[in-house]
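Welcome! Take a moment to look over the structure below, and then we can walk through a few of its features together.

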Amino acid sequence: MRTIIEPFRIKMTEPIKVTTRQYRQRALTGAHYNVFLLDAEDCCIDLLTDSGTGAMSSNQWAALMLGDESYAGSKSWKKFESTVKKITGMRHVLPTHQGRAAEGILAQVLVKKGQVIPNNSHFDTTRANMEFAGALAVDLLCAEGMQPARIAPFKGNMDTDRLKGCIRQYGPENIPFCMITVTNNTGGGQPVSMANIREVKTILSEHNIPLVIDACRFAENAYFIREREDGYADTTLLKIAGEMFSYADAATMSCKKDGLANIGGFLVCNDDRWAEQFKNMLILREGFPTYGGLAGRDLEVIAVGLMEALDYDYQVYRHATVQYLRKKLSPLGVPMVRPVGGHAVFLDARAFAPHVPPLQYPGIGLVNAIYLEGGIRCVELGSVMFGKFDEQGKEVAAPLELVRLAFPRRVYTQSHFDYLAEVIENVWNHRDAINGFRLVYQPKFLRHFTGRFEPVE
Ligand code: F0G
């Protein structure tokens, strides 16, 4: 097979700063060993997130200039609305400034104190929004999804037996809706199969519980279904996405991912009464229903980006970049979540640096080592991010210590990935030198963003 090439060429460049090890050491010390506190310009390859960091196409830049900034009923809104309807088939479309705003509206309108929201895995903002509304956010990921090294095609699937158990335990009257996240970011960017979505819907229907899809990476998920699930090999990604959404009653979306935009989101639903209530909250929190939290030009950009994300050749290339890094790292024995997901490679920091105890944060050690070695910024998903304490206030380690290398869309070329692989290989070869860390300052909430660390001697 020939090399899969980037299905685009570059006509605008942005310089990146190449730094020395000494410079990076100073930068890390200045940032208290928390890469969230680094200056972005000091990160030569920034893999902190795939959210809002993508490159726009020439068609998106052209569409941006057509932005109609009318307060109500703009032309840009019409394009946005018709595109979102074409993809999701939902009757009501509400534009928001990003995904968490859609989650916030959903939770504020539908969730009451003491209720329960099941999900395959809640992303942190989803969990926070549900908990803020007083609900218990329950993760019901399938067993294989929790075993990093186990190869399975759909490790993002929900465990349907546990879903039935959850409904029995809490009662359907206490579950205002159930969510399913495609792809499952928290569990390694793993896909959910159509069969699983269908089965979840069937179980929920028996109890009149609505299904809400967290659709951030719906196009990447559609590609996985086409590649891995029987019966979809000749189906367009648009059609597959349409079927996924057909089982849902509502969906939340961050257009910063598969909208190929730098900002934006939406909430969609079929129910007229829900839509009415969502709209009232939208006006209060975001803006008039035909622009929500967005400028007209953003609506234009997203309308184009959503369709580009469903382009098959784009998805072939997108997944090839993730596979490319895996193929370079696998033969070296670098431990990672397998198979690799749609938007990122997740390294298994616990297996990478087994000499660092979980509560000395091996993920933070690995993130620091990768930055120091090559100026590459990635993120810990482990005991720091998911910081939990037991009833006595004693810190509890997370079940997994992962480090996510998230790939911005259409941004880095094959030589960037070669460099990335070389840097990780070097860190792997000197893994005994990876340090443990202790937290010397932590805020009350979301400590991974602003916490400060010190290396353990
Ligand atoms: N749901 C999932 C599965 C996500 O990955 C994200 C964002 C959101 C919801 C919230 O969307 O950022 O537009 O408000 N994930 C980013 C990440 C931040 O780095 O994975 P948002």
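Helix H11 runs over residues 296–309, and at 1.5 Å a residue its 14 residues should span 20 Å; the C-alpha atoms at its ends are 20 Å apart, so expectation and model agree. Keep in mind that this is a predicted model. H11 is largely enclosed by the rest of the structure, because 10 of its 14 residues are buried. Among the buried ones are Gly296, Leu299, Val301 and Ile302, as well as Glu300 and Glu308.

Next, the cysteines. How many disulfides does a search of the whole structure find? The search gives 0 disulfides. A disulfide is a covalent bond between the sulfur atoms of two cysteines. Two cysteines show why no bond is assigned to them, since each sulfur is too far from its closest cysteine sulfur:

| Cysteine | Closest cysteine sulfur | Sulfur distance | Relative accessibility |
|---|---|---|---|
| Cys44 | Cys43 | 8.5 Å | 9%, buried |
| Cys269 | Cys255 | 16 Å | 0%, buried |

Finally, have a look at the second largest pocket, which holds about 1400 Å³ of space. It is lined by 37 residues, and the closest to its centre are Met12, Glu14, Ala55, Arg410 and Val411. Strand E1 (45–46) and helix H2 (58–64) are the elements that give two or more residues to this lining. By type, the lining residues of the second largest pocket divide into 18 nonpolar, 9 polar and 10 charged. Domain 1 (21–50 + 311–456) and domain 2 (58–309) each supply at least three residues to the lining of this pocket.

Technical notes
Residues are numbered from 1 along each chain as its sequence is written. This is a predicted model: local features need pLDDT of at least 70, side-chain atom pairs count only at pLDDT 80 or more; totals for chains, interfaces and linings use all residues. Side-chain values use heavy atoms; hydrogens and water are left out. On a 1 Å grid over the protein atoms alone, a cavity is a set of points where a 1.4 Å probe fits but cannot get out, and a pocket is an open set with protein on both sides within 12 Å along at least five of seven lines; lining residues have an atom within 4 Å of a point. Grid points are joined across faces, edges and corners, and a volume is the space filled by probe spheres set on the points. Helices (H or I, at least four residues) and strands (E, at least two) are DSSP runs, numbered from the N terminus. Ala, Val, Leu, Ile, Met, Phe, Trp, Tyr, Cys and Pro count as nonpolar, Asp, Glu, Lys and Arg as charged, and the others, Gly among them, as polar. Domain bounds come from an automatic or database domain assignment. The expected span of a helix is 1.5 Å times one less than its number of residues. Buried means under 20% relative accessible area, exposed over 50%, partly exposed in between (1.4 Å probe, protein chains only). A disulfide is a pair of cysteine sulfur atoms within 2.5 Å.
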